Amino acid sequence: MSSAPHVEIDGNREVIIGQHRTIVLYSAEEMQIDCGGLLLRILGSGLELRVLTAEELSICGTVAAVEYLTNGGRKDGDEVDPPDGRRGHNPRARRRA
């Protein structure tokens, strides 16, 4: 079995990713998924995580772009963190006291 992620794109409505590791960024406009040596960046609108298991995850919404990023997940000229500082932000996550 290859260590590269398995990616299926169903039109512009769903992206299914197998062999993922971590959700790095989660918002309705952008999601970043760590797949080992590769970071997948999904851009669009109304994005939401529909399925999450140890084997795969499914992102639904209106998908505008899927990018494969290397070198720490950044392209030349990219900022280290998004400008709004919400890297890894999950509005539903509970804050620790």
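Start by selecting strand 4, residues 30-34: this strand is mostly covered, with four of its five residues buried. Buried means under 20% relative accessible area, exposed means over 50%, and partly exposed lies in between (1.4 Å probe, protein chains only). Strands (E, at least two residues) and helices (H or I, at least four) are DSSP runs, numbered from the N terminus.

Before moving on, note that this is a predicted model: local features need pLDDT of at least 70, side-chain atom pairs count only at pLDDT 80 or more, and totals for chains, interfaces and linings use all residues. Residues are numbered from 1 along each chain as its sequence is written, and side-chain values use heavy atoms, with hydrogens and water left out.

**The whole chain**

Zoom out. The protein has six strands and zero helices. Along the sequence the pattern reads β-β-β-β-β-β. Of the 97 residues in the protein, 32% are buried.

**Neighbours of strand 4**

Now show strand 3 beside strand 4. The two run antiparallel, joined by four bridges. Two strands pair if DSSP finds at least two bridges between them. Pick Leu 25: its bridge partner in strand 4 is Gln 32. Three residues make the hairpin connection from strand 3 to strand 4.

Next, add strand 5, residues 39-52. Strand 4 pairs with strand 5 in the antiparallel sense, over five bridges. Select Glu 30 and find its bridge partner in strand 5, Leu 43. These two strands also form a hairpin, with four residues between them. In that turn, click Gly 36, which has a positive phi of about 90°.

**A network of charges**

Stay on Glu 30 and show side chains. Which residues are linked with Glu 30 in a network of salt bridges? They are Arg 41 and Glu 67. A salt bridge is a side-chain nitrogen of Lys or Arg within 4 Å of a carboxyl oxygen of Asp or Glu.

Look at the Arg 41 and Glu 30 pair, at 3.1 Å from N to O. Arg 41 is in strand 5 and Glu 30 in strand 4, 11 residues apart. Both Arg 41 and Glu 30 are buried.

Then turn to Arg 41 and Glu 67, whose closest N and O atoms are 2.9 Å apart. Arg 41 lies in strand 5 and Glu 67 in strand 6, so this pair ties together parts that are 26 residues apart in sequence. Arg 41 has a relative accessible area of 17%, so it counts as buried. Glu 67 is buried too, with a relative accessible area of 17%.

The whole structure has three salt bridges. One of them joins Arg 50 and Glu 48, at 3.1 Å from N to O. Arg 50 is exposed, with a relative accessible area of 52%. Glu 48 is partly exposed at 36%.

**Strand 6**

Select residues 56-69, which are strand 6. Strand 5 pairs with strand 6 in the antiparallel sense over 11 bridges. Leu 49 stands opposite Ile 59 here. Three residues sit between strand 5 and strand 6 in their hairpin.

On to strand 2, residues 14-18, which pairs with strand 6 in the antiparallel sense over five bridges. Click Ile 17 and find its partner in strand 6, Leu 57.

**Last stop: Gln 19**

Move to the loop between strand 2 and strand 3, where Gln 19 has its place. Gln 19 has a positive phi of about 65°, although it is not a glycine. Most residues other than glycine have a negative phi. Gln 19 counts as partly exposed, at 28% relative accessibility.
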